[in-house]
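Reader: I would like a close look at a single part of this model, with its surroundings explained step by step. Please keep it plain.

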Amino acid sequence: QVQLVESGGGLVQAGGSLRLSCAASGRTFSTYAVAWFRQAPGKEREFVAAISQGGASTYYPDSVKGRFTISRDNAKNMVYVQMNNLESEDTAVYYCAADAFSGSVSRRLSPHYYNYWGQGTQVTVSS
């Protein structure tokens, strides 16, 4: 199993940037695909970004494409999402999720595919 802890959330003005971090435990982190999801009050949990085991493949929905970038450093057991040009609609609790599959991350966009989750970090974008 793997344990995940998110950090880096906070309050930022519209147009600003934040980088969220996901710290993972375990010796087999490189076998896990990792995704970011977010959930705003009254809304369903929404897919934000995903990255494959080795980091060669990434996937984003249209809502964040061109603004968010996911990356990982397997030597440090870390995954990041760089969020630029933030909008008020990006306000949500952001979660890191992982599971040990090696298939295409473009086919793993539902939260039901991921068994391991962090506790979340709040991102608030003011206008």
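Reader: Which strands form the open sheet, in what order do they stand, and what is the sense of the pairing?

Author: The model is a predicted one. The open sheet is made of four strands in the order β1-β3-β8-β7, and the pairing is antiparallel. β1, residues 4–7, and β7 stand at the edges with a single partner strand each, so one side of each has no neighbour in the sheet. On average, and ignoring direction, neighbouring strands of this sheet are turned by 15 degrees against each other.

Start at the β1 edge. β1 pairs with β3 over four bridges, in the antiparallel sense. One position to look for is E6, which stands opposite C22 in β3. In a regular strand, side chains alternate between the two faces of the sheet.

C22 is a useful residue to stay with. Its relative accessible area is 1%, so C22 is buried. C22 also forms a disulfide with C96, and the two sulfur atoms are 2.1 Å apart. The count for the structure comes to one disulfide. C22 belongs to strand β3 (residues 18–24) and C96 to strand β9 (residues 92–99), so the bond ties together parts that are 74 residues apart in sequence. The torsion about the S-S bond is about -80 degrees, which means that this disulfide is left-handed. C96 has a relative accessible area of 0%, so C96 is buried.

The other end of the sheet leads to a loop. β7 covers residues 68–73 and β8 covers residues 78–83, and N77 lies in the loop between them. What does N77 touch, leaving aside neighbours within four places in sequence? The contacts of N77 are C22, A23, A24, S25, G26 and F29. C22, already met as the partner of C96 in the disulfide, is therefore also one of the residues in contact with N77. Is N77 buried or exposed? N77 has a relative accessibility of 18%, and because the limit for buried is under 20%, N77 counts as buried.

Next come the strands β4, β5 and β6. β4 (residues 33–39) and β5 run antiparallel and are joined by five bridges. Within this pairing, A35 has A50 in β5 as its bridge partner. The two strands form a hairpin with six residues between them, and G42 in the turn has a positive phi of about 80 degrees. β5 then pairs with β6 in the antiparallel sense, over two bridges. β5 and β6 also form a hairpin with six residues between them, where the turn residue G55 has a positive phi of about 90 degrees. Five of the six residues of β5 (residues 46–51) are buried, so this strand is largely enclosed by the rest of the structure.

T58 shows how β6 sits against its surroundings. T58 is found in strand β6, residues 58–59, and I51 stands opposite T58. Not counting residues up to four places away in sequence, T58 touches A50, I51, I70 and V105. A50 is thus both the bridge partner of A35 and a contact of T58. From T58 to T69 the C-alpha distance is 8.7 Å, although the two are 11 residues apart in sequence. The relative accessibility of T58 is 34%, so T58 counts as partly exposed.

Last, the charged residues. Side chains of opposite charge can pair when their charged atoms come close. The whole structure has five salt bridges, and R38, E46, R67, E87 and D90 are linked in a network of them. R38 and E46 meet through their side chains at 2.8 Å, N to O. R38 has 5% relative accessibility and so counts as buried, while E46 is partly exposed because its value is 31%. R38 also forms a salt bridge with D90, with 2.8 Å between the closest N and O atoms. D90 lies in the loop between β8 and β9 and R38 in strand β4, so this pair ties together parts that are 52 residues apart in sequence. Both of these residues, D90 and R38, are buried. D90 meets R67 in a salt bridge as well, again given as 2.8 Å, N to O. R67 lies in the loop between β6 and β7, so its pairing with D90 ties together parts that are 23 residues apart in sequence. R67 is buried, as is D90.

How values were computed: Residues numbered from 1 in each chain as written. Predicted model: local features only at pLDDT ≥ 70, side-chain atom pairs only at ≥ 80, totals over all residues. Heavy atoms only, no water. Buried < 20%, exposed > 50% of the residue type's maximum accessible area, 1.4 Å probe, protein only. Contact = heavy atoms within 4.5 Å. Disulfide = S-S within 2.5 Å. Pairing = 2+ DSSP bridges. Axes fitted to C-alpha atoms, helices over the stretch in contact; angles between N-to-C directions. Salt bridge = Lys/Arg side-chain N within 4 Å of Asp/Glu carboxyl O.
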